[in-house]
Amino acid sequence: MLQLPFDPMLSAAVHQSQTVVCHGPSLSFMYSDSSTAVADAPVSTSKKKSRVSFYNDNVKLKVKEKSVLIEKVGWIKIKEQIPIDSKYTNPRIIYDNKYWYLTVGIEVTEKNISLTEETIGIDLGIINLATCSNGEIYQNINKTKRVKKIEKKLKRLQRKLSKKYLLNKKENKFLETKNIIKLKKRIKLIHRKLANIRNNHLHQTTTSIVKNKPCKIVLEDLNVKGMMKNRHLSKAIANQCFHEFRRQLEYKCKLNNIELAFANRFFPSSKTCSSCYEIKRDLKLKDRIFKCSCGFVIDRDLNASINLKNYCC
Ligand SMILES: [Zn+2]
């Protein structure tokens, strides 16, 4: 029996992806937003927290068909069915500025999955999110027209908000008018949308990689903090959410019994020729094609992913 981790972040992230939910029994369930009882739900008043969430006693949580009993709130309609007569752990209720979610941990039986002999190396980057040694490439979602358009809209609204704040400034005090509150709500929803698009893309990517059923996956142990110091790239790196990519891959590998290895931070995955293993010291960041003195020519990221595949821990 596999006990799912108690990590509320895990369950929180899982519900946003339909792909994971169908992996085993569902992990989380969404409230019906039309339910009137939702308005009475206890709301955290902390201003520091970006996400409103509270705990529900797991013994007091009752589940019926299409509804759950939440402490002090009552019966609430749910959009997705929770397995009835299961033992629930760490139930949490989360609000993402639009919908309410209930996440619970449940026990699932470990599946017997037959894996292939293949090892996959994954090179993470900014031009493409992930380049796999089997030739699969996963795009950078932040470069798509859809995301760029939403980001543009977000910027416009943020400018509008700051102007409104300045207009309503009185004696060094910033007042919040009704219009400002409305605008802030709109901005929050756009942030939510962007986060959902990015997270969904990560889930689709990690699930797709795991579906190859390799026996081993090798990932670079990225120094994200160090990379963020490059101010020209920091925003692009932050938007790629490498940390979340790794977290998702870690638990999906665990669920599928796939070994996940990390290459040493100083392993020259980009600079090594994957054909003759010679290290090319003068490789620059802008060199997209790797040309070795042995005559081997290959895409830079694919070369790195093959080196990661061959990496021995
Ligand atoms: Zn070579």
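So, the overall fold: we have one protein chain with eight helices and 16 strands. Keep in mind that this is a predicted model. Buried residues make up 24% of the 313 residues in the chain. Now look at contacts between residues at least 6 apart in sequence: 65% of those join residues at least 24 apart.

Okay, let's go to the core. What does the largest nonpolar core hold? There are 22 residues in there, and the ones with the most contacts inside it are Ile122, Leu124, Ala130, Ile217 and Phe245. Which elements supply at least two residues each? That list is β8 (119–124), β9 (128–132), α4, β13 (216–220), α7 (242–255) and α8 (300–309). Helix α7 gives the largest share, with four residues.

Let's zoom in on two of those residues. Take isoleucine 122, and skip its neighbours within four places in sequence. Its contacts are then Ala130, Cys132, Ile209, Ile217, Leu219, Ser305 and Leu308. There's also a second, separate core, by the way, with 11 residues, including Ile70, Trp100, Tyr101 and Leu102.

Next, leucine 124, which sits in strand β8. Is leucine 124 buried or exposed? The cut-off for buried is 20 or more other C-beta atoms within 10 Å; leucine 124 has 22, so it counts as buried. With the same kind of neighbours set aside, those within four places, leucine 124 is in contact with Leu129, Ala130, Glu220, Leu222, Phe242 and Phe245. And how far is leucine 124 from serine 305? In sequence they are 181 residues apart, but from C-alpha to C-alpha the gap in space is 8.6 Å.

Serine 305 brings us to α8, where that residue is one of the buried ones. How many residues of α8 are buried? Nine of its 10, so please picture a helix that is mostly covered. Among the buried ones are Arg300, Asp301 and Lys309, along with Ala304, Ile306 and Leu308. And what does the covering? Strands β8, β9, β13, β14 (259–263), β15 (289–291) and β16 (297–299) are included in that cover.

Now some helix packing, starting with α3 (residues 145–167) and α4 (residues 178–210). They pack at an angle of about 155°, and their axes are 10 Å apart. That angle makes α3 roughly antiparallel to α4, and the crossing is left-handed. On the α3 side, the contact includes Val147, Ile150, Leu154, Leu157, Leu161 and Tyr165. On the α4 side, the contributors include Ile180, Leu183, Ile187, Ile190, Leu194 and Ile197. Look at the spacing in those lists while I remind you of a rule. An α-helix has 3.6 residues a turn, so residues three or four places apart point the same way. It isn't purely nonpolar, though: the contact has 12 nonpolar, two polar and six charged residues.

Helix α4 has another partner, α7. Their axes come within 10 Å and cross at roughly 40°. That's why these two are described as oblique to each other, and this crossing is right-handed. From α4, the contact uses Asn199, Leu202, His203, Thr206, Thr207 and Val210. From α7, we get Glu244, Phe245, Gln248, Leu249, Lys252 and Cys253. By class, that contact divides into five nonpolar, five polar and two charged residues. Phe245, you may recall, was on the list of residues with the most contacts inside the largest core.

Let's move to the loops. Isoleucine 113 is in the loop between β7 (100–105) and β8. Where does that leave it, buried or exposed? Exposed, because it has 11 C-beta neighbours inside 10 Å. Still, isoleucine 113 touches Lys213, Asn256 and Asn257, not counting residues up to four places away in sequence. Asparagine 256 is 143 residues away in sequence, and the C-alpha to C-alpha distance is 6.7 Å.

Last, two loop residues with backbone angles to look at. Lysine 72 has a positive phi of about 60°, although it is not a glycine. You'll find lysine 72 in the loop between β4 (67–70) and β5 (74–77), and it is exposed, with 9 other C-beta atoms within 10 Å. Asparagine 172 isn't a glycine either, and its phi is also positive, near 65°. Its place is the loop between β11 (169–170) and β12 (173–174). Asparagine 172 is exposed too, with 5 other C-beta atoms within 10 Å.

Terms used
Residues are numbered from 1 along each chain as its sequence is written. This is a predicted model: local features need pLDDT of at least 70, side-chain atom pairs count only at pLDDT 80 or more; totals for chains, interfaces and linings use all residues. A residue is buried if 20 or more other C-beta atoms lie within 10 Å of its own, exposed if 12 or fewer, and partly exposed in between; C-beta atoms are placed from the backbone. Two residues are in contact if their C-beta atoms, placed from the backbone, lie within 7 Å. Axes are lines fitted to C-alpha atoms, for helices over the stretch in contact, and angles run from 0 to 180 degrees between N-to-C directions. Angles under 35 degrees count as roughly parallel, over 145 as roughly antiparallel, 65 to 115 as roughly perpendicular and the rest as oblique. A crossing is left-handed if the near helix is turned anticlockwise from the far one by less than a right angle, and right-handed if clockwise. Ala, Val, Leu, Ile, Met, Phe, Trp, Tyr, Cys and Pro count as nonpolar, Asp, Glu, Lys and Arg as charged, and the others, Gly among them, as polar. A nonpolar core is a set of buried Ala, Val, Leu, Ile, Met, Phe, Trp, Tyr and Cys residues joined through C-beta atoms within 7 Å.
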